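Here's a friendly walk through one protein model, for anyone meeting it for the first time. Have a look at the structure, then read on.

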Amino acid sequence: DEYFAAVGTALVRSLRALWEPSRKVIALDCDNTLWGGACGEDGIESLVLDGPYRELRRFMRRQADSGRLLCLVSRNREADALAALRRCADPLQPSHITAHRISTENAKSASLRSLSEELALSPDSFVFVDDDPVECAEVRAALPEVAVVELPRDPADIPMALDHAWELDVATVTDEDRRRASFYALEAQRRRERAAAPGVREFVEGLRVEVELFDLDEMNVERAAQILARTNQLNLTGARWSESDLMAAARRPKNEVLVAGVRDRLGDYGQVGVLALEEHPDCLHLAVFALSCRVLNRGVESQILREVGRRARARGCEELSIGFRDTGRNGPAAAMLGRLLFDGELPPGADLRIDLKALDGRVERLRPGWAE
């Protein structure tokens, strides 16, 4: 019975990691989590750094290496917490921390909301790790979409608790994952430029965003499947195609499956979008379109739709059909299509159609595609 329970659990856990969108951010408490003791009360020299606390930092270093963003959420004096982090920087370095909210005033749920806004990631992308049951209960009540991992009271049990936290499972790790922290560092620089720019239009034009579409192949199919698995807000149909699904679609006659890569003058966003095109007798059908939120309102969606229109005309089509299904989470995708193609509101129907001449008439609106 124990054997079957273990095998069944391992199987379901593996499938869950593959099928459910992966949470991108781990928000860590500091005292009695990254180290033993309270840095503001006990003093930095008195903190316990070894044993299960080192194991926790080693575990989080692996999470960072797999592409998760690490943040600190602590009710401390900022100087004390950062000094303690520098002292225990083995194997977790301060450079592995993407952002932090360290304050004696703010509730941890408020800090998590602030980080969500800074990183442009919804709260359901976060895992919160803390040893304090009161803090954990506060976050669960205020932000139920955040996954909470409450550490055991006995520090010796911390490693096992982390190993059995399904929310921290990582199914696959791509090169894009490993570069995620650098992507967000560049994004912080872009936010600073956005704040200094006279307006959105000037900011987007100044970025000089370039989009390149690559045919799906063995080299990028893993990343393409990952984009579909993880993208909710800008996924037109909520498609969750596997690698084999994508390769099968790409092999069908008159089909194209494409991966979008994006860069601007500040750096590379990496591979951030997937689209699948199907030629029908009277139109080109955009069956799948998913795009990472980190490039929304940078002109990327506009450039892709213009290129899809160009490919439709090259095939002799007169209309572009766009597949859309309301998933309950892709409101931003509906708003994007409505703004760009349908005068603000999507018409009813599962397949939205637009005449290519009408698409041509929207070229100036589509370029470069900033938000109003």
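Let's begin at one aspartate. Not counting residues up to four places away in sequence, D31 touches G37, A38, C39, N76 and D131. Keep in mind that this is a predicted model. D31 sits in the loop between β1 (25-28) and α2 (39-42). Is D31 buried or exposed? With 13% relative accessibility, D31 counts as buried.

The side chain of D31 also has polar company. It makes a polar contact with the side chain of W35, at 2.8 Å, and one of its polar atoms lies 3.1 Å from the backbone nitrogen of C39. E118, on the other hand, is 87 residues from D31 in sequence and 24 Å from it in space, C-alpha to C-alpha.

T33 is found in that loop between β1 and α2 too. T33 is buried, and its relative accessible area is 0%. Leaving aside neighbours within four places in sequence, T33 is in contact with Y53, L56, V129, D130, D131 and L151.

Now for the sheet. Which strands make it up, and in what order? There are five, forming an open sheet ordered β3-β2-β1-β4-β5, and the pairing is parallel. At the edges stand β3 (97-102) and β5 (147-150); each has a single partner strand, so one side of each is left without a neighbour in the sheet. From one strand to the next, the twist averages 20°. Strand β4 (residues 126-130) is joined to β5 by four bridges, and the two run parallel. Look there for F128, which stands opposite V148 in β5. Helix α3 (residues 52-65) lies across β1, β2 (69-74) and β4, and runs at about 150° to β1.

On to the nonpolar cores. In soluble globular proteins, nonpolar side chains tend to be buried together. Here the largest nonpolar core has 41 residues, and those with the most contacts inside it are L236, L275, F289, I304 and L341. Helix α14 (residues 331-341) gives the most to this core, with six residues. There is also a second, separate core of 31 residues, which includes L47, L56, A64 and A165.

L236 is worth a closer look. Leaving aside its neighbours within four places in sequence, L236 is in contact with a set of residues that includes L286, F289, I322, F324, A333, M336 and L337.

Why is α14 described as largely enclosed by the rest of the structure? Eight of its 11 residues are buried, so the description fits. The buried residues of α14 are A333, A334, M336, L337, G338, R339, L340 and L341. Just after α14, D343 takes a positive phi of about 55°.

Last, the cysteines. How many disulfides are there? The count comes to zero. C283 is in no disulfide, and the nearest cysteine sulfur, that of C317, is 6.6 Å away. A disulfide here needs the sulfur atoms within 2.5 Å, so at 6.6 Å the sulfur of C317 is too far from the one in C283 for a bond.

To wrap up, here are the buried residues we met that come with an accessibility value.

| Residue | Relative accessible area |
|---|---|
| D31 | 13% |
| T33 | 0% |
| C283 | 0% |
| C317 | 11% |

Key: Residues numbered from 1 in each chain as written. Predicted model: local features only at pLDDT ≥ 70, side-chain atom pairs only at ≥ 80, totals over all residues. Heavy atoms only, no water. Core = buried A, V, L, I, M, F, W, Y, C linked by side-chain atoms within 4.5 Å. Buried < 20%, exposed > 50% of the residue type's maximum accessible area, 1.4 Å probe, protein only. Contact = heavy atoms within 4.5 Å. Polar contact = N/O pair within 3.5 Å; in protein donor to acceptor, adjacent residues only side chain to side chain. Pairing = 2+ DSSP bridges. Axes fitted to C-alpha atoms, helices over the stretch in contact; angles between N-to-C directions.
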